Amino acid sequence: MQGVARYCFAQENERIAARFDRCRTLVDLENELVDYLQEVAAQRMSTYRLLAVSFGQQAALPECTDACRSQLTALTDALVARLQAAGEIDPDLTMDACRTSIFCTVTGGLIALCCSAGSGDALPDLPQNLREALHRSLQAPK
């Protein structure tokens with residue numbers, strides 16, 4: 001199971017790295033995150049449900065999740081630094097605040113998409129709501 005989890009996390013981090021690399025503006029980030037969430041929900045959600053169930057039945061995989069988290073944190077920090085230097089993200093926000101905003105948007109979006117898929121209820125405003133929440137939490141003052 002550890003090998004499968006490590007492979008899945010590595011694949012996701014590669015996808016995220018490619019998406020983050022394309023971001024030059026806050027709007028780019030908003031669009032990339034929403035597109036990524038919709039892609040995960042449409043194409044890979046069943047894989048992650050299986051992993052979640054398996055993790056719940058086995059001992060935690062700290063070395064695997066720690067490595068994934070470290071890599072994801074480094075990717076996010078590089079993105080935030082680039083967007084802050086470009087004046088796209090409020091320079092007064094700490095790295096932790098920016099990271100929290102991005103991670104909360106992704107987590108909340110995934111939860112909403114899972115609930116929507118599970119119940120069959122469409123959430124047509126979700127993509128725009130996620131973009132707006134991220135924008136409001138990170139935007140640089142005008």
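**Contacts and core of a predicted model**

Me: Which residues does I16 touch in this predicted model, leaving out those up to four places away in sequence?
Reply: The model is a predicted one, and I16 is found in helix α1. Once residues up to four places away in sequence are set aside, the contacts of I16 are Y36, L72 and L75.

Me: What distance separates the C-alpha atoms of I16 and L75?
Reply: I16 and L75 touch each other, although they stand 59 residues apart along the chain. Between their C-alpha atoms the separation is 8.1 Å.

Me: Is I16 buried or exposed?
Reply: The relative accessibility of I16 is 12%, and a residue counts as buried when this value is under 20%. I16 is therefore buried.

Me: Which helix gives the largest share of the largest nonpolar core?
Reply: The largest nonpolar core has 24 residues, and L29, L33, L79, I102 and L138 are those with the most contacts inside it. At least two of its residues come from each of α1 (2-21), α2 (26-57), α3 (62-85), α4 (95-119) and α5 (126-138). The largest share, eight residues, is supplied by α2.

Me: Which residues does L33 touch, not counting those up to four places away in sequence?
Reply: L33 is among the residues with the most contacts inside the largest nonpolar core. With residues up to four places away in sequence left out, L33 touches F20, I102, V106 and L134.

Me: Which is buried and which is exposed, C23 or C104?
Reply: C23 has a relative accessible area of 0% and is buried. For C104 the relative accessible area is 51%, and the residue that is exposed is therefore C104.

Definitions and conventions. Residues numbered from 1 in each chain as written. Predicted model: local features only at pLDDT ≥ 70, side-chain atom pairs only at ≥ 80, totals over all residues. Heavy atoms only, no water. Core = buried A, V, L, I, M, F, W, Y, C linked by side-chain atoms within 4.5 Å. Buried < 20%, exposed > 50% of the residue type's maximum accessible area, 1.4 Å probe, protein only. Helix = DSSP H or I, 4+ residues; strand = E, 2+ residues; numbered from the N terminus. Contact = heavy atoms within 4.5 Å.
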